[in-house]
Amino acid sequence: MHATYDAVVVGGGINGLVAAARLARAGWSVALVDEHDRLGGFIASEQRDGYTRDTWSSWHPLFVTGPAYAAFGADLHRHGLTYANTDGPLTATVADDGSVAFAHRSVAATVAGFAEPRDREAYRAMIDRFGAHAAGIGGLLGAELHAPSSLGPVATLARAAGVSGMETYARDALTSGRSWMRARFTGPETDRLWAPWLLHAGLAPDSASGGLMVPIFAATMHGAGLPVVTGGAGNFLTAWERLLDELGVAVHTGRRVERVAVVSGRATGVAGEGFALQARRAVLATVTPTALYGSLLPPGVVPAPVADAAARYRPGRAAMQVHVRLSGPVPWADGRLAGVPLVHVSDGSASTAIACAEAEAGLLPRRPTVVVGQQHVLDPTRVPEGAAALWLQLQELPFAPVGDAAGELDTADGWNRTLAEGYAERVLDRVAAHAPGLRELVRGVDVLDPTAITAHNPNALCGDPYAGSAELDQNFWWRPLPTSGGHATPVPGLWQIGASTHPGPGLGGASGFLVADRLAAPGPVARLRGRLTGR
């Protein structure tokens with residue numbers, strides 16, 4: 001198979017979908033190529049015994065608040081996409097002692113559960129501050145930080161926040177989530193609610209930049225809720241497939257890209273076994289720096305410091321998915337949890353930080369933070385009548401375990417079926433401690449361990465679904481690499497998008513939209529640079 005297009009997009013995850021659609025809408029001829037039989041990356045749903053589960057990712061607050069949804073949301077809904085969401089209970093955390101902290105869509109309802117009056121005011125101030133500065137913060141999270149265009153959102157934020165406010169944000173970016181919340185709140189509610197959410201950004205409670213992310217998470221979810229795709233995430237992909245077809249995008253599935261072609265120093269296409277796709281104007285690759293500079297590009301085409309930095313690109317902690325089919329409603333000891341879409345089992349920073357440290361040391365955590373998704377609360381069509389299901393996510397695991405912090409499981413052979421199922425039993429015990437009788441309702445359990453995650457998506461380096469550590473030295477300005485920040489690569493015509501690039505992991509499609517929008521509608525500075533550099 002040989003064909004020529006204006007652009008070739010490698011990888012059919014959210015960023016590849018968005019990039020292909022944006023370029024096609026601008027009149028470019030576009031090919032989207034992916035090694036799987038269906039597009040989606042970490043977006044998929046499956047049906048089993050009358051239950052519909054989101055195999056990997058599930059929640060869409062970042063997408064519905066991002067630029068890709070603003071551009072294509074109406075079209076996706078026209079092609080069948082619908083969301084189920086909450087106007088009431090949003091998320092909750094149940095601690096080991098059984099106490100529960102709740103967040104609702106309503107800020108007023110959330111702070112009503114705080115014991116300390118000062119904490120109520122501090123929480124309102126946190127949300128109000130983000131709202132006043134959301135345009136600038138959102139602009140920076142969706143901007144090309146190494147381009148002059150980033151000066152626009154910087155100026156927007158500076159006008160709204162002032163000099164002292166900008167200094168505060170800089171300090172927040174250097175502060176851990178635990179320290180940030182400890183400095184502002186007396187009671188445990190905020191820490192218990194939002195410290196576990198830092199795991200969803202690839203961070204730990206004591207990671208720098210957590211102080212910046214906590215109010216972003218809280219304000220985003222108070223504003224957007226926790227939307228899930230009605231009928232399962234597969235319907236999201238169906239809407240995208242219909243839109244891409246409508247826009248004339250040539251979709252090539254079941255094709256593994258093995259190399260990026262470079263002619264006279266410029267990227268000219270991609271190739272793999274039995275196929276070659278030529279790109280007249282651009283190649284956009286949704287891959288990690290490890291893959292891009294280590295195997296896809298010919299040796300010697302990028303400066304040695306870039307290749308060396310790519311070789312040192314670090315994965316974050318590994319993850320696991322556990323899907324549980326239940327014959328009846330979850331028997332939560334605190335009945336209010338039955339109506340909460342997403343529950344964390346955690347003591348907040350206290351237990352989550354310990355579990356992260358154990359994982360970083362190569363140990364299976366003895367008290368893991370359990371993300372308990374109850375999508376059926378929002379979308380009852382996902383389970384048989386009267387039944388329930390649990391979407392469990394573990395984000396504090398070593399890819400190559402050297403031991404078990406609890407001293408119970410044998411890790412000598414690494415992640416095999418016995419170890420994965422044994423650890424899933426520990427996880428279920430953590431949940432069942434707060435839901436007596438849960439075990440008697442279990443109809444089936446499916447476990448996807450870190451090796452299964454990597455096997456499904458090679459961007460999940462060492463089982464890390466976020467495509468690389470999001471610690472501060474490998475994030476924001478320095479993502480993907482300290483020597484090659486931004487999405488433009490040292491090879492003219494080649495652009496890197498995806499979770500390994502700014503603004504990092506998350507189901508938003510921001511990097512794909514950013515690069516495609518820049519190519520499709522470049523500003524005057526970008527047009528001049530393009531003429532001078534051949535990009």
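## Second largest cavity

The lining of the second largest cavity consists of 6 nonpolar residues, 5 polar residues, with Gly counted among the polar, and 2 charged residues (Asp, Glu, Lys or Arg). The model is a predicted one, in which local features need pLDDT of at least 70 and side-chain atom pairs count only at pLDDT 80 or more, while totals for chains, interfaces and linings use all residues. Residues are numbered from 1 along each chain as its sequence is written, and side-chain values use heavy atoms, leaving out hydrogens and water.

This cavity, a set of points on a 1 Å grid where a 1.4 Å probe fits but cannot get out, has a volume of about 90 Å³, taken as the space filled by probe spheres set on the points. Of the 13 residues that line the second largest cavity (an atom within 4 Å of a point), the closest to its centre are Gly202, Arg317, Gln395, Asp464 and Tyr466.

## Largest cavity

The model holds 2 cavities of 30 Å³ or more, and the largest of them encloses about 180 Å³ of space. Its lining comprises 20 residues, among which Thr52, Arg53, His323, Ala389 and Leu390 are the closest to its centre. Two or more lining residues come from each of the strands (DSSP E runs of at least two residues) β3 (45–48), β4 (51–54), β13 (318–326) and β17 (388–397).

Strand β4 gives the most to the lining of the largest cavity, namely 4 residues. By class, the lining of the largest cavity is made up of 6 nonpolar, 7 polar and 7 charged residues.

## Helices α5 and α6

Helix α5 (residues 117–141) and helix α6 (residues 151–173), both DSSP runs of H or I with at least four residues, have axes that come within 9 Å and cross at roughly 105 degrees. The two helices α5 and α6 are therefore roughly perpendicular to each other (65 to 115 degrees).

In their contact (heavy atoms within 4.5 Å), residues of α5 including Arg129, His133 and Leu140 meet residues of α6 including Pro153, Tyr169 and Asp172. The residues of the contact of α5 with α6 divide into 10 nonpolar, 6 polar and 2 charged.

## Second largest pocket

A pocket is an open set of points with protein on both sides within 12 Å along at least five of seven lines, and the second largest one holds about 510 Å³ of space. Of the 19 residues lining the second largest pocket, Leu140, Leu145, Ala173, Leu212 and Phe476 lie nearest its centre.

Helices α5, α6 and α9 (210–224) each supply at least two residues of this lining, and α6 gives the most, with 7 residues. The lining of the second largest pocket has 17 nonpolar residues, 2 polar residues and no charged residues.

Note on methods
Axes fitted to C-alpha atoms, helices over the stretch in contact; angles between N-to-C directions. Parallel < 35°, antiparallel > 145°, perpendicular 65-115°, else oblique.
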